[in-house]
Amino acid sequence: MSRDHEPRVVTPGFRDRVYAAVRRVPAGRVTTYGDVAAVLGSPRVARHVGWALAALPAGTEVPWHRVINARGTISHRGDLVRAAEQRDRLESEGVDFDPSGRVDLRALRWDWPDLG
DNA sequence: TTGTTGACTCCCG
DNA sequence: CCGGGAGCCAACA
């Protein structure tokens with residue numbers, strides 16, 4: 001039987017919404033997977049934000065490096081090469097990292113002011 | 001169809 | 001603060 005008839009948050013156009021949301025994050029600022037997911041409609045689909053970014057076509061202009069996890073660290077899940085590139089890009093934008101490789105979310109977390 | 005996986009997050013200890 | 005375990009929802013085999 002039906003558990004809930006609520007519409008799914010992750011629709012076929014989910015990836016494009018993720019990209020559109022991430023593009024709103026300005027240089028020098030960061031956001032989290034959970035924040036992007038919340039903006040899209042559900043904080044529970046944070047993993048799918050990561051999935052969408054993993055499926056990001058090469059050449060697509062999306063500041064994917066500004067998306068980090070809720071702890072303020074870079075999620076690499078084994079891909080240290082991409083993680084290094086992400087950190088390098090962020091540092092190029094002026095994002096500072098702690099000795100432990102952590103970003104100060106309290107100061108740099110984007111607040112999505114354009115949501116109204 | 002079921003079971004596994006994942007660029008996550010929260011809760012404990 | 002950090003590591004481990006559980007929960008989470010779709011994609012994928």
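Me: In this predicted model, which side chain has an N or O atom 3.1 Å from a base nitrogen of DNA strand B, as that of tyrosine 33 does?
Reply: A side-chain N or O atom of arginine 47 is 3.1 Å from a base nitrogen of DNA strand B. For tyrosine 33, too, a side-chain N or O atom is 3.1 Å from a base nitrogen of the strand. Leucine 53 is placed at 3.1 Å from a base nitrogen through a backbone N or O atom, and the side chain asked for, beside that of tyrosine 33, is that of arginine 47.

Me: Which element gives the largest share of the surface near DNA strand B?
Reply: Two or more residues of the surface near DNA strand B come from each of α2, α3 and α4 (80-92). Six residues, the largest share, belong to one element, and that element is α3.

Me: How many residues surround DNA strand B, and how many of the surface near the strand are charged?
Reply: The protein surrounds DNA strand B with 16 residues, the closest being Ala54, Asn69, Ala70, Ser75 and Arg77. Of the strand's atoms that come within 4 Å of the protein, 44% belong to sugar and phosphate. Sorted by class, the surface near the strand has six nonpolar and seven polar residues, and the number of charged ones is three.

Me: Is arginine 77 buried or exposed?
Reply: Arginine 77 is found in the loop between β2 and α4, and its phi is positive, about 50 degrees, although the residue is not a glycine. Its relative accessibility is 84%, and because a value over 50% is the criterion, arginine 77 counts as exposed.

Me: Is tryptophan 112 buried or exposed?
Reply: Tryptophan 112 belongs to the segment after α5 (105-108) and has a positive phi of about 50 degrees without being a glycine. Among the residues in contact with threonine 31, leaving aside that residue's neighbours within four places in sequence, is Trp112. With a relative accessibility of 8%, tryptophan 112 counts as buried.

Me: What is the relative accessibility of threonine 31?
Reply: Threonine 31 is part of strand β1 (residues 31-32). Beyond its neighbours within four places in sequence, threonine 31 is in contact with Val25, Val36, Arg66, Val67, Ile68 and Trp112. The residue counts as buried, because its relative accessibility is 0%.

Me: Within what arc do the buried residues of α1 fall?
Reply: The buried residues of helix α1 (residues 14-23) are Phe14, Val18, Tyr19, Ala21 and Val22. Those residues pack against α2 (33-40), α3 (46-54) and β2 (67-68). They line one face of the helix, because, seen down the axis of α1, they fall within an arc of 165 degrees.

Definitions and conventions: Residues numbered from 1 in each chain as written. Chains lettered and ligands numbered in written order. Predicted model: local features only at pLDDT ≥ 70, side-chain atom pairs only at ≥ 80, totals over all residues. Heavy atoms only, no water. Buried < 20%, exposed > 50% of the residue type's maximum accessible area, 1.4 Å probe, protein only. Helix = DSSP H or I, 4+ residues; strand = E, 2+ residues; numbered from the N terminus. Arc of directions from axis to C-beta. Contact = heavy atoms within 4.5 Å. Near = heavy atom within 4 Å. Polar contact = N/O pair within 3.5 Å; in protein donor to acceptor, adjacent residues only side chain to side chain. Nonpolar A, V, L, I, M, F, W, Y, C, P; charged D, E, K, R; others polar.
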